Amino acid sequence: VKAAVQNGWVDEERIVLETLTSFKRAGADLILTYHAKDAARWIK
């Protein structure tokens, strides 16, 4: 994700939040991610 963002191929906020949402929809009870701090800031 970070490489795609650096190359301008994707919007980081949009792709990270969609990925985390899809994990939750798939039934994940816990999600560990390097994007946790960013996601928390974006959700506020």
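## Exercises on Asp38 and its salt bridges

At 18% relative accessibility, Asp38 counts as buried. The model is predicted. The exercises start from this residue and work outward.

**Exercise 1. Place Asp38 in the fold, and find which residues distant in sequence it touches.**

Solution.
- Start with the chain. It holds three helices and zero strands. Along the sequence the pattern reads α-α-α.
- Locate the residue. Asp38 belongs to helix H3, residues 36-43.
- Check burial. The cut-off for buried is under 20% relative accessible area. Asp38 has 18%, so it counts as buried. Of the chain's 44 residues, 18% count as buried.
- List the contacts. Leaving out residues up to four places away in sequence, Asp38 touches Lys2 and Glu12.

**Exercise 2. Work out which salt bridges Asp38 makes, and what each one links.**

Solution.
- Recall the principle. Side chains of opposite charge can pair when their charged atoms come close.
- Take Lys2. Its side chain meets that of Asp38 in a salt bridge, 3.9 Å from N to O. Lys2 lies in helix H1 (residues 2-6) and Asp38 in H3, so the pair ties together parts 36 residues apart in sequence. Lys2 is partly exposed, with a relative accessible area of 43%.
- Take Arg41. The Asp38–Arg41 salt bridge spans 3.2 Å, N to O. The two residues are three apart in helix H3, which puts about one helical turn between them. Arg41 counts as exposed at 51% relative accessibility.
- Join the pieces. Lys2, Glu12, Asp38 and Arg41 are linked in a network of salt bridges.

**Exercise 3. Describe how H2 and H3 pack.**

Solution.
- Choose the descriptors. Two packed helices are described by the angle between their axes and the distance between the axes.
- Read them off. H2 (residues 12-25) and H3 pack at about 100°, with axes 10 Å apart.
- Classify. The range 65 to 115 degrees counts as roughly perpendicular. H2 and H3 are therefore roughly perpendicular to each other.
- Name the residues. H2 contributes Glu12, Glu13, Val16, Leu17 and Leu20; H3 contributes Asp38, Ala39, Trp42 and Ile43.
- Sort them. Six are nonpolar, none polar and three charged.

**Exercise 4. How many salt bridges does the whole structure hold? Describe the one between Arg25 and Glu18.**

Solution.
- Count. A search of the whole structure finds four salt bridges.
- Take the pair. The side chains of Arg25 and Glu18 meet at 3.0 Å, N to O.
- Check exposure. Arg25 is exposed, with a relative accessible area of 59%. Glu18 is partly exposed, at 43%.

Technical notes: Residues numbered from 1 in each chain as written. Predicted model: local features only at pLDDT ≥ 70, side-chain atom pairs only at ≥ 80, totals over all residues. Heavy atoms only, no water. Helix = DSSP H or I, 4+ residues; strand = E, 2+ residues; numbered from the N terminus. Contact = heavy atoms within 4.5 Å. Axes fitted to C-alpha atoms, helices over the stretch in contact; angles between N-to-C directions. Parallel < 35°, antiparallel > 145°, perpendicular 65-115°, else oblique. Nonpolar A, V, L, I, M, F, W, Y, C, P; charged D, E, K, R; others polar. Buried < 20%, exposed > 50% of the residue type's maximum accessible area, 1.4 Å probe, protein only.
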